[in-house]
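Me: Hi! I have a protein model open on my screen and I would like to learn how to read it. Could you take me through it step by step?

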Amino acid sequence: MLADLVQMNPEIAGGNYHQLAAPASTSIVAAAVDAPAPSLSRYESQKRRDWITFGQYLANQRPPVAVAHCSSAHVLEFLRYLDQFGKTKVHVTGCPFFGLPCPPGPCPCPLRQAWGSLDALVGRLRAAFEENGGRPESNPFAARAIRLFLREVRDLQAKARGISYEKKKRKRPLPLSPPPPPPPAD
C-alpha cells in the first residue's frame with residue numbers, strides 16, 4: 001500500500017514527498033488543483049502541495065478513504081509514513097551517541113522527520129482542512145492525539161540530541177514611560 005505510493009511517485013523516494021500529483025478520483029483535491037491561482041505566497045503554495053499529498057495518501061489506502069471521512073488515526077499514520085523520507089538523525093536509546101549534541105561518528109540510527117517540520121505540516125493541513133469545507137470541530141489535524149504525538153516526537157528528539165526542550169518565554173514589552181525631563185538650564 002505505501003510501497004505503491006512510492007512506486008507510483010518516484011519523487012517520494014528522493015525525499016520530495018510534496019511534489020505529488022493529485023489523484024483524479026479525489027474531487028476535493030482535484031478541485032484544489034484545477035482552481036486558478038494567481039500568485040500564491042510560499043506558505044499558500046506549500047499548504048496546497050501538502051493538502052494534495054495528504055489527499056493522495058488517503059486515496060491510496062486500501063480501501064480508499066475520503067478526506068471527509070478521515071480521522072486522527074489516518075493523520076497519525078500519514079505522519080509516521082513520512083518518517084521514511086526524513087533527514088534528521090534520531091538516536092535510539094541504546095545508541096552510544098544518544099544524548100550527545102554532536103556525535104563524533106556515524107551510527108545506524110534512523111532518519112526521521114524533524115519535529116519542527118511535522119509541526120508546521122500539521123498546522124498547514126489543519127488550515128487547509130477548514131479552507132476546503134471541513135468543520136473546525138471535526139478537524140482531524142486539531143485532535144488531541146495529534147498534539148500528544150507531536151509533543152512526544154519533540155521530547156524524544158530533544159533527548160536524543162541531549163538538549164532538553166525549553167519552551168521559550170515571551171518577552172513582555174516594557175511599559176512606555178514618558179521621556180526624562182530635560183536637564184535644568186544653567
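Me: Let me start with a pair of helices. How close do the axes of helix 4 and helix 6 come, and at what angle do they cross?

Reply: Good place to begin, and keep in mind that this is a predicted model. In general, two packed helices are described by the angle between their axes and the distance between the axes. Here, helix 4 (residues 42–59) and helix 6 (residues 115–131) have axes that come within 9 Å and cross at roughly 80°. Helix 4 is therefore roughly perpendicular to helix 6.

Me: Which residues of helix 4 and helix 6 meet there?

Reply: From helix 4, look for Tyr-43, Glu-44, Gln-46, Lys-47, Asp-50, Trp-51 and Phe-54. Their partners in helix 6 are Leu-121, Gly-123, Arg-124, Leu-125, Ala-127, Ala-128, Phe-129 and Glu-131. By class, the residues of this contact between helix 4 and helix 6 are eight nonpolar, two polar and five charged.

Me: Some of those are charged. How do I read a salt bridge, and which residue pairs with Lys-47 across to helix 6?

Reply: The idea is to look for a side-chain nitrogen of Lys or Arg within 4 Å of a carboxyl oxygen of Asp or Glu. Lys-47 forms such a bridge with Glu-131, and their closest N and O atoms are 2.5 Å apart. Because Lys-47 lies in helix 4 and Glu-131 in helix 6, the pair ties together parts that are 84 residues apart in sequence.

Me: What other salt bridge does Lys-47 take part in?

Reply: The side chains of Glu-44 and Lys-47 also meet in one, at 3.1 Å from N to O. Glu-44 and Lys-47 are three residues apart in helix 4, so about one helical turn separates them. Put the pieces together and you find Glu-44, Lys-47 and Glu-131 linked in a network of salt bridges. The count of salt bridges comes to five, and another example is Arg-135 with Glu-137, whose closest N and O atoms are 2.9 Å apart.

Me: Are the members of that network buried or exposed?

Reply: Read the relative accessible area of each one. Lys-47 is buried at 3%, Glu-44 is partly exposed at 29%, and Glu-131 is exposed at 53%. Glu-137, from the other example, counts as exposed with 62% relative accessibility.

Me: Now a charged residue without such a partner. What is the nearest side chain of opposite charge to Asp-83, and how far away is it?

Reply: That would be Arg-112, which is 4.1 Å away. The cut-off for a salt bridge is 4 Å, and Asp-83 is buried yet has no salt bridge. You can find Asp-83 in the loop between helix 5 and strand 1 (88–89). Apart from neighbours within four places in sequence, Asp-83 is in contact with Leu-111, Arg-112 and Gln-113.

Me: Back to helix 4. At what angle do the axes of helix 4 and helix 5 cross?

Reply: They cross at roughly 105° and come within 11 Å. An angle from 65 to 115 degrees counts as roughly perpendicular, so helix 4 is roughly perpendicular to helix 5. Thr-53, Phe-54, Tyr-57 and Leu-58 in helix 4 meet His-74, Val-75, Glu-77, Phe-78 and Tyr-81 in helix 5. This contact of helix 4 with helix 5 has six nonpolar, two polar and one charged residues.

Me: What should I look at in the loop between helix 4 and helix 5?

Reply: Try two residues. Pro-63 is in that loop, and a cis peptide bond joins Arg-62 and Pro-63, with omega about -5°. Cys-70 is found there too, and Cys-70 is buried at 9% relative accessible area. Beyond neighbours within four places in sequence, Cys-70 is in contact with Phe-54, Leu-58, Val-65 and Pro-140. The C-alpha atoms of Cys-70 and Asn-139 are 9.2 Å apart, although their positions lie 69 residues apart along the chain.

Me: Finally, how many helices and strands does the chain have?

Reply: There are seven helices and two strands, following the pattern α-α-α-α-α-β-β-α-α along the sequence. Of the 186 residues in the chain, 35% are buried. Among contacts with a separation of 6 or more, 63% join residues 24 or more positions apart.

Methods. Residues numbered from 1 in each chain as written. Predicted model: local features only at pLDDT ≥ 70, side-chain atom pairs only at ≥ 80, totals over all residues. Heavy atoms only, no water. Axes fitted to C-alpha atoms, helices over the stretch in contact; angles between N-to-C directions. Helix = DSSP H or I, 4+ residues; strand = E, 2+ residues; numbered from the N terminus. Parallel < 35°, antiparallel > 145°, perpendicular 65-115°, else oblique. Contact = heavy atoms within 4.5 Å. Nonpolar A, V, L, I, M, F, W, Y, C, P; charged D, E, K, R; others polar. Buried < 20%, exposed > 50% of the residue type's maximum accessible area, 1.4 Å probe, protein only. Lys, Arg positive; Asp, Glu negative; His and termini not counted.
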